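Good morning, and thank you for the opportunity to speak. I would ask everyone to look at the model on the screen while I go through a few of its features.

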Amino acid sequence: MDQDDVVFRALAAPTRRKLLDELSRRDGQTLSELERKLPMSRFGVMKHLGVLEEANLVVSRRRGREKLHFLNAVPIRLIHDRWVSKYAEPLAATLSGLKQELEEEEHAEVPRGGSRAVSR
């Protein structure tokens with residue numbers, strides 16, 4: 001399976017997105033800490049963390065007897081760079097041009113009466 005497919009599959013489940021949100025709020029949480037925040041068994045949380053680790057969205061590190069989980073946003077950024085920014089670029093360019101035109105209009109001469117004449 002392609003790495004993008006693995007990441008998309010991992011992001012498809014609401015529970016896994018909630019785990020990522022929790023790690024985004026506070027990185028380096030244990031399984032027990034994450035388990036308390038979800039209405040599921042310890043085994044269910046472990047299974048979801050395994051999918052996230054397979055997609056490299058979560059990395060783990062041992063500290064003594066504890067296993068800490070950390071968010072790795074790089075795969076999400078790679079997805080964004082490959083898929084989102086490519087399709088958003090024309091829209092961003094259009095909006096940028098519109099912004100520039102509106103700002104130029106705004107800086108047009110203002111008559112002495114205090115209101116600005118808008119030419120069309």
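Let us begin with two helices that pack against each other. In this predicted model, helix α2, residues 14-25, and helix α4, residues 42-54, pack with their axes 10 Å apart, at an angle of about 80 degrees. Angles of 65 to 115 degrees count as roughly perpendicular, and α2 and α4 are therefore roughly perpendicular to each other. Which residues meet here? From α2 there are Thr 15, Arg 16, Leu 19 and Leu 20, and from α4 there are Val 45, His 48, Leu 49, Val 51 and Leu 52.

I turn now to the salt bridges. The structure holds eleven of them, and I shall present three.

The pair I take up to start with is Arg 82 and Asp 4, whose closest N and O atoms are 2.5 Å apart. Arg 82 belongs to helix α5 and Asp 4 to helix α1, residues 3-12, so this salt bridge ties together parts that are 78 residues apart in sequence. Are the two partners buried or exposed? Arg 82 is partly exposed, with a relative accessible area of 45%, whereas Asp 4 is buried, at 15%.

Helix α1 also takes part in another pair: Glu 54 and Arg 9 form a salt bridge at 3.9 Å, N to O. Glu 54 is in helix α4 and Arg 9 in helix α1, so that distant parts of the chain, 45 residues apart, are linked. Arg 9 has a relative accessible area of 38% and is partly exposed.

The remaining pair on my list brings us back to helix α2. The side chains of Lys 37 and Glu 22 meet in a salt bridge at 3.6 Å, N to O. Lys 37 lies in the loop between α3 (31-36) and α4, while Glu 22 is in helix α2, 15 residues apart from it. This pair is part of a network: salt bridges with shared partners join Lys 18, Glu 22, Arg 25 and Lys 37. Within it, Glu 22 is buried at 10% relative accessibility, and Lys 37 is partly exposed at 32%.

Finally, let us look at the surface. Leu 91, Leu 95, Leu 98 and Leu 102 make a nonpolar patch of about 390 Å². Leu 98, one of these residues, is found in helix α5, which spans residues 74-106. How accessible is Leu 98? Its relative accessibility is 43%, and Leu 98 therefore counts as partly exposed.

Thank you for your attention.

Terms used:
Residues are numbered from 1 along each chain as its sequence is written. This is a predicted model: local features need pLDDT of at least 70, side-chain atom pairs count only at pLDDT 80 or more; totals for chains, interfaces and linings use all residues. Side-chain values use heavy atoms; hydrogens and water are left out. Patches are made of residues with over 30% relative accessible area and no salt bridge: like charges are joined within 9 Å, nonpolar side chains (Val, Leu, Ile, Met, Phe, Trp, Tyr) within 5 Å. Accessible areas come from the Shrake-Rupley method with a 1.4 Å probe; for residues, only the protein chains shown count as cover. A salt bridge is a side-chain nitrogen of Lys or Arg within 4 Å of a carboxyl oxygen of Asp or Glu. Helices (H or I, at least four residues) and strands (E, at least two) are DSSP runs, numbered from the N terminus. Buried means under 20% relative accessible area, exposed over 50%, partly exposed in between (1.4 Å probe, protein chains only). Axes are lines fitted to C-alpha atoms, for helices over the stretch in contact, and angles run from 0 to 180 degrees between N-to-C directions. Angles under 35 degrees count as roughly parallel, over 145 as roughly antiparallel, 65 to 115 as roughly perpendicular and the rest as oblique. Contact means heavy atoms within 4.5 Å.
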